[in-house]
Amino acid sequence: MRKLTYYVATTLDGFIADPAGADPSGPGGILTPTPDYVEQIIAHYPETLPVMARQALGITAPGTRFDTVVEGRRSYQLGLDMGVTNAYPHLRHYVFSRTLGPSPDPSVDIVATDPVAKIRELKAQDGLGIWLVGGGELAGALHSEIDELILKVNPVTVGAGIPLFGDKTPFSPHHHTLTDSTALPSGVLFLTYTRTPTP
């Protein structure tokens with residue numbers, strides 16, 4: 001069974017973007033990547049870099065952790081606004097949206113059906129892991145399906161914004177076990193949590 005991993009950058013106070021949903025790692029974003037942060041991703045998660053960054057950095061390694069990426073409509077829109085219809089052509093790419101209509105890219109599948117059912121279908125297939133990019137709304141809808149959290153915790157607080165699991169996720173506690181941690185000189189923490197099975 002494949003795992004669904006929510007691999008995402010966050011502030012210390014649990015926000016993944018500003019209140020407007022702007023690209024958190026873009027110019028003026030709340031989560032500006034530092035050199036050691038980029039090096040950590042290149043070394044351990046190269047498949048999670050978008051195609052523009054992979055080309056600029058000369059990265060061709062396919063990666064060994066994920067072969068599928070899923071994201072919500074608003075996350076996908078960040079790429080569309082830059083003229084990029086598929087930021088991850090090296091991965092199987094699914095966008096969950098009931099409003100987008102036909103896919104802007106033949107290699108991107110638009111899913112307008114129940115996210116939980118689709119994720120369960122993908123988990124049952126052969127392959128590497130499934131990477132949940134975000135955003136918070138989709139993460140909230142898939143809260144019960146997330147097997148692993150990899151949080152890139154940045155040393156900044158913002159007070160308000162888009163939470164890790166959106167603002168509509170029902171109260172449903174899930175316990176997790178810390179299975180890996182890396183502290184970078186810049187103060188960014190890479191924390192890996194595996195969901196604890198329910199007795």
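# Exercises: finding your way around a predicted model

Let's start at Leu 4. Setting aside neighbours within four places in sequence, Leu 4 is in contact with Val 70, Ile 119, Lys 123, Ile 130, Leu 132, Leu 142, Glu 145, Ile 146, Asp 147 and Glu 148. Keep in mind that this is a predicted model.

## Exercise 1: the cores

Work out which residues have the most contacts inside the largest nonpolar core, and which elements supply it.

**Solution.**
- Step 1: The largest nonpolar core holds 22 residues, and Leu 4, Tyr 6, Val 70, Phe 96, Ile 119, Leu 132 and Leu 142 have the most contacts inside it.
- Step 2: Now for the suppliers: at least two residues each come from strands S1 (4-11), S4, S6 (129-134) and S7 (148-154), and from helices H4 (115-123) and H5 (136-141).
- Step 3: There's another core apart from this one, with 20 residues, including Ala 9, Val 84, Leu 91 and Ile 150.

## Exercise 2: an acid without a salt bridge

Find Asp 105 and see what its side chain pairs with.

**Solution.**
- Step 1: Look in the loop between strand S4 (92-96) and strand S5 (108-111); that's where Asp 105 sits.
- Step 2: Asp 105 is buried but has no salt bridge. A salt bridge needs the charged atoms within 4 Å, and the nearest side chain of opposite charge, Arg 92, is 13 Å away.
- Step 3: What Asp 105 does have is a polar contact, side chain to side chain, with Ser 107 at 2.5 Å.
- Step 4: Beyond four places in sequence, Asp 105 is in contact with Tyr 76, Thr 85 and Asn 86.

## Exercise 3: two loop residues

Decide for Gly 159 and for Leu 164: buried or exposed?

**Solution.**
- Step 1: Gly 159 lies in the loop between S7 and strand S8 (162-163), while Leu 164 is in the loop between S8 and strand S9 (176-183).
- Step 2: Gly 159 has 62% relative accessibility, so it counts as exposed; the cut-off is over 50%.
- Step 3: Leu 164 has 16% relative accessibility, so it counts as buried; here the cut-off is under 20%.
- Step 4: Check the contacts, again skipping neighbours within four places. Gly 159 is in contact with Asp 13 and Phe 15. Leu 164 is in contact with Tyr 6, Val 8, Thr 10, Gly 14, Ile 16, Gly 136, Ala 139 and Leu 151.
- Step 5: Finish with C-alpha distances. Gly 159 and Pro 102 are 57 residues apart along the chain and separated by 37 Å. Leu 164 and Gly 134 are 30 residues apart in sequence and 8.3 Å apart in space.

Key: Residues are numbered from 1 along each chain as its sequence is written. This is a predicted model: local features need pLDDT of at least 70, side-chain atom pairs count only at pLDDT 80 or more; totals for chains, interfaces and linings use all residues. Side-chain values use heavy atoms; hydrogens and water are left out. Helices (H or I, at least four residues) and strands (E, at least two) are DSSP runs, numbered from the N terminus. Buried means under 20% relative accessible area, exposed over 50%, partly exposed in between (1.4 Å probe, protein chains only). Lys and Arg count as positive and Asp and Glu as negative; His and the chain ends are not counted. A polar contact is a pair of N or O atoms within 3.5 Å; within protein, one must be able to donate a hydrogen and the other to accept it, and residues adjacent in sequence count only if both atoms are side-chain atoms. Contact means heavy atoms within 4.5 Å. A nonpolar core is a set of buried Ala, Val, Leu, Ile, Met, Phe, Trp, Tyr and Cys residues joined through side-chain atoms within 4.5 Å.
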